[in-house]
Amino acid sequence: PLTAPAPTSPDPVAALLHLEARARAAADRTALEFVIANETWQLAPYRQGLVFRRDPLGRLALAAVSGLAALEGDTPFALWAERLAASFAATSAPRVVQAGDAPPALAAEWAEWLPAHGVFAPLRSPRGELLGAALYARDDPWSDVQVALLTRVHETYGHAAWALGRQDGLAARARTWFARHPRWWMAGAAIVAAALLVPVRMSVLAPAE
């Protein structure tokens with residue numbers, strides 16, 4: 001996979017505020033995942049970023065990779081990365097991870113796919129439900145300050161993912177309701193059509209000299 005460029009160390013406060021604003025402005029989960037994968041390096045530089053989304057079956061599916069505009073299905077890398085994310089899914093907060101923290105079968109391939117030093121960061125709702133996760137990897141060890149900054153921004157990311165998921169859920173329930181009650185949908189459409197036929201006066205009364 002392509003990797004994000006290695007940037008210089010940013011101003012952490014400015015970067016944190018920028019990323020929180022970007023997360024709140026995301027129109028959907030795809031836009032949010034793009035921000036997480038490609039812009040979080042402004043806060044804590046990394047060489048590769050992966051974002052996972054929890055699917056309806058509870059699986060952490062690879063949703064975004066830094067430097068890639070689109071994913072190419074179930075590639076060997078994607079399958080390996082998803083198994084790796086599943087092995088860290090019980091993590092409650094961002095933590096440093098390395099090959100030795102993964103199951104042996106996955107650890108054996110770590111060097112083939114990722115730089116040596118990683119941070120696994122879960123995305124959780126305000127109630128603590130796992131919504132997704134991010135994994136950042138680079139050649140140099142992570143500092144405690146960088147992990148603390150990642151912890152803060154992923155609280156914002158988790159809340160944004162939760163809010164966007166609620167919007168998607170409401171829209172899906174609305175579509176399901178109308179599909180199950182077609183007569184009400186037709187009645188609503190008829191009322192709107194009838195309202196369009198009502199004549200409207202285009203003149204306005206106003207004081208005049």
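Hi everyone, this is a short walk through one predicted model, from the overall fold to a few aromatic contacts.

A word on ground rules: this is a predicted model, so local features need pLDDT of at least 70 and side-chain atom pairs count only at pLDDT 80 or more, while totals for chains, interfaces and linings use all residues. Residues are numbered from 1 along each chain as its sequence is written, and side-chain values use heavy atoms, with hydrogens and water left out.

Let's begin with the overall layout. The chain has 7 helices and 5 strands; these are DSSP runs, H or I of at least four residues for helices and E of at least two for strands, numbered from the N terminus. Reading from the N terminus, the order is α-α-β-β-α-β-α-α-β-β-α-α. Of the 209 residues in the chain, 38% are buried, meaning under 20% relative accessible area with a 1.4 Å probe, protein chains only. Among contacts (heavy atoms within 4.5 Å) with a separation of 6 or more, 59% join residues 24 or more positions apart.

Now to the helix pair at the start of the list. How do H1 and H2 run relative to each other? The axes of H1 (residues 12-25) and H2 (residues 29-39) come within 9 Å and cross at roughly 160 degrees. Those axes are lines fitted to C-alpha atoms over the stretch in contact, with angles from 0 to 180 degrees between N-to-C directions. H1 and H2 are therefore roughly antiparallel, the word for angles over 145 degrees. On the H1 side, His18, Leu19, Arg22 and Ala23 meet Leu32, Val35 and Glu39 of H2.

Next, the aromatics. The structure holds 4 aromatic pairs, that is, Phe, Tyr or Trp rings (the six-membered one for Trp) with centres within 6.5 Å; planes under 30 degrees apart are stacked, over 60 edge-to-face, and the rest tilted. Phe77 and Trp113 have ring centres 5.4 Å apart and planes at 55 degrees, so this pair is tilted. It links helix H3 (residues 76-87), home of Phe77, to helix H5 (residues 110-113), home of Trp113, across 36 residues. Phe77 counts as buried at 6% relative accessibility, and Trp113 does too, at 19%.

Trp80 and Trp110 have centres 6.3 Å apart and planes at 85 degrees, so that pair is edge-to-face. Trp80 lies in H3 and Trp110 in H5, so parts 30 residues apart in sequence are tied together. Both Trp80 and Trp110 are buried.

That's the tour, thanks for listening!

Notes: Buried < 20%, exposed > 50% of the residue type's maximum accessible area, 1.4 Å probe, protein only. Parallel < 35°, antiparallel > 145°, perpendicular 65-115°, else oblique.
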